[in-house]
Amino acid sequence: MELAKRLGADVTINIEEVTSVEERTELVQAETPRKEGADVVFECAGFLPATPEGLGYTRRSGTFVEVGHFVDMGSIDFNINQLLMRKNLRVEAIWGSSYEHFVRGLPLLEQSGLPFADMISHQLPLSQVGDGFKALDGGYRIQGETAIKIAVRAEE
């Protein structure tokens, strides 16, 4: 949560403390004008239930951007009429895995004063990369610690 604030987040919600989707939605809406929800919501987690939850955070005629699913995580069930149509939402999806995105993004990372390296929660040797994939496939824990971003380092 502290890193998110250092990166510019005005409000943070710890999902381990606020476990109810409804309560998180109320907290998000309370931070927006007239409690209508956010103008733009980015889903970057790649966690299937985050998509309908994020759609719920988005205000009427707002924009929902999906960037978190670079691999097929399966399907979700959500009410298109309630979450999209009645809210008149604009939905965008970005497939950011092409080489071009990395080439264009690297100078931004290099020139920025933001602590992007601090986002890496674990550095694993190649021999343990399977543990990283298992953690990011649902448990989000490695050796009892929350796994956020995992970097692979050369074997030592």
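Visitor: Why does Val71 count as exposed?

Guide: In this predicted model, the relative accessibility of Val71 is 55%. A residue is called exposed when the value is over 50%, so Val71, at 55%, counts as exposed.

Visitor: Where does Val71 lie, and which patch does Val71 help to make?

Guide: Val71 is in the loop between β2 and α4, the latter being residues 80-85. Together with Phe70, Met73 and Trp95, Val71 makes a nonpolar surface patch of about 400 Å².

Visitor: What makes Arg34 exposed, and what makes Glu36 partly exposed?

Guide: The relative accessible area of Arg34 is 68%. The cut-off for exposed is over 50%, therefore Arg34 is classed as exposed. Glu36 has 41% relative accessibility. Buried would require a value under 20%, and partly exposed covers the range between that and the exposed class, so Glu36 is partly exposed.

Visitor: How do you know that Arg34 and Glu36 form a salt bridge?

Guide: Their side chains meet at 3.6 Å, N to O. The rule asks for a side-chain nitrogen of Lys or Arg within 4 Å of a carboxyl oxygen of Asp or Glu. The pair of Arg34 and Glu36, at 3.6 Å, is therefore a salt bridge. By this rule the model has six salt bridges. In general, side chains of opposite charge can pair when their charged atoms come close.

Visitor: What is notable about the phi of Arg34 and of Lys35?

Guide: Phi of Arg34 is near 55°, a positive value, and the residue is not glycine. Lys35, likewise not a glycine, has a positive phi of about 55°. Most residues other than glycine have a negative phi. Arg34 belongs to the loop between α2 and β1, and Lys35 is found in the loop between α2 and β1 as well. Lys35 has a relative accessibility of 59% and therefore counts as exposed.

Visitor: Why is the contact between Arg141 and Glu16 called a salt bridge?

Guide: The nitrogen-to-oxygen separation of these side chains is 2.7 Å, and the limit is 4 Å. The pair of Arg141 and Glu16 therefore meets the rule. Arg141 belongs to strand β5 (residues 141-142) and Glu16 to the loop between α1 (2-6) and α2 (21-30), so this salt bridge ties together parts that are 125 residues apart in sequence. Arg141 itself is partly exposed, at 39% relative accessibility.

Visitor: What makes Arg59 and Asp39 another such pair, and which parts of the chain do they link?

Guide: Their side chains meet at 2.5 Å, N to O; the limit is 4 Å, so this pair also qualifies as a salt bridge. Arg59 is in strand β2 and Asp39 in strand β1, and the pair links distant parts of the chain, 20 residues apart. Arg59 has a relative accessible area of 23%, and Asp39 has one of 48%. Partly exposed runs from the buried limit of 20% to the exposed limit of 50%, so Arg59 is partly exposed, and so is Asp39.

Visitor: How are the strands of the sheet ordered, and what makes β1 and β3 edge strands?

Guide: The sheet is open and has three strands in the order β1-β2-β3, with parallel pairing. Strands β1 (38-43) and β3 (90-93) each pair on one side only, and both are edge strands. From one strand to the next, the twist averages 15°.

Visitor: How do you know that β2 pairs with β3?

Guide: Four bridges join β2 (residues 58-66) to β3, and the two run parallel. At least two bridges are needed for a pair, so four are sufficient. Within this pairing, Phe64 has Val91 of β3 as its bridge partner. Helix α3 (residues 50-57) packs on the sheet, touching β1 and β2, and its direction makes about 145° with that of β2.

Visitor: Why is α3 called largely enclosed?

Guide: Six of its eight residues are buried, so the helix is largely enclosed by the rest of the structure. The buried residues are Ala50, Thr51, Glu53, Gly54, Leu55 and Tyr57. Their cover includes α2, β1, β2 and α4.

Visitor: What makes Pro52 partly exposed rather than buried?

Guide: Pro52 lies in helix α3 and has a relative accessible area of 22%. Buried requires a value under 20%, so Pro52 is partly exposed. Setting aside residues up to four places away in sequence, Pro52 touches Ile76, Phe78 and Leu83.

Terms used
Residues are numbered from 1 along each chain as its sequence is written. This is a predicted model: local features need pLDDT of at least 70, side-chain atom pairs count only at pLDDT 80 or more; totals for chains, interfaces and linings use all residues. Side-chain values use heavy atoms; hydrogens and water are left out. Axes are lines fitted to C-alpha atoms, for helices over the stretch in contact, and angles run from 0 to 180 degrees between N-to-C directions. Contact means heavy atoms within 4.5 Å. Buried means under 20% relative accessible area, exposed over 50%, partly exposed in between (1.4 Å probe, protein chains only). Patches are made of residues with over 30% relative accessible area and no salt bridge: like charges are joined within 9 Å, nonpolar side chains (Val, Leu, Ile, Met, Phe, Trp, Tyr) within 5 Å. Accessible areas come from the Shrake-Rupley method with a 1.4 Å probe; for residues, only the protein chains shown count as cover.
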